[in-house]
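Student: I am new to this structure and would be grateful for a close look at a single part, the largest cavity. Which residues line the largest cavity, and which elements supply them?

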Amino acid sequence: MTLLVAAATPAVTADAADVAIKTNLLYDATASVNLGFEVGFARQWSLDVNGDVNFWNIDGKRWRHWFVQPEFRYWFCHRSIGHFFGIHVHGGQYNFGNWGVDGFKFLGTDFGNLKDRRYQGWFAGAGIAYGYSWAFSEHWGLEAEIGIGWAYSRYDAYPCRECGTKIEDNAVHNYVGPTKAAINLVYNF
């Protein structure tokens, strides 16, 4: 029985090129602290995990959130170079308010509501992604990735950024659309 379990479980190696850390430059541009790591476990497979946190108020606008997004990747040639597909899940919490543009709707979500309301809640979902990775040197690289998927959210809504009077309690929202956008600066160990 032990031999059967050992044979069915992929071995995770930690050789020099099998571990990487990364930062998403798009999230950096929004003042969101983020960090990702990737571990290879077969010639064409890897596990990428990234997280993001932002607890700041910028110019009176609230953009607080945290999330984690693990992703299994299949590389077409060799891990960490070239084209890849990914399957990811994601989850986190948010507290957004005093943002938005009147009349801007995208895939069933009215982003104009963010202008006069604050939303606080959690989300979870899944998606698929496509990306490409370039190697600049033995250790440094860049990867670009875009993903689409679904997110289920439960939230409370408030009429302003700071007030505590709820106008919606434990409401549900299903989002379908982009779930991942990354331009990652990568360091391979």
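Tutor: The following account describes the cavity and its lining.

This is a predicted model, in which local features need pLDDT of at least 70, side-chain atom pairs count only at pLDDT 80 or more, and totals for chains, interfaces and linings use all residues. Residues are numbered from 1 along each chain as its sequence is written, and side-chain values use heavy atoms, without hydrogens and water.

Rolling a probe the size of a water molecule over the atoms shows where empty space is left. A cavity is a set of points, on a 1 Å grid over the protein atoms alone, where a 1.4 Å probe fits but cannot get out. Its volume is the space filled by probe spheres set on the points, which are joined across faces, edges and corners. The structure holds one cavity of 30 Å³ or more, and the largest cavity contains about 80 Å³ of space. Its lining (residues with an atom within 4 Å of a point) consists of 13 residues, of which Asn24, Tyr27, Asn34, Asn50 and Asn184 are the closest to the centre.

At least two lining residues come from each of strand S1 (19-24), strand S2 (33-42), strand S3 (45-54) and strand S11; strands are DSSP runs of E, at least two residues long, numbered from the N terminus. Strand S11 gives the largest share, four residues. By class, seven lining residues are polar, four nonpolar and two charged. Here Ala, Val, Leu, Ile, Met, Phe, Trp, Tyr, Cys and Pro count as nonpolar, Asp, Glu, Lys and Arg as charged, and the others, Gly among them, as polar.

Conventions: 1 Å grid on protein atoms, 1.4 Å probe; cavity = no way out; pocket = protein on both sides within 12 Å on 5 of 7 lines; lining within 4 Å.
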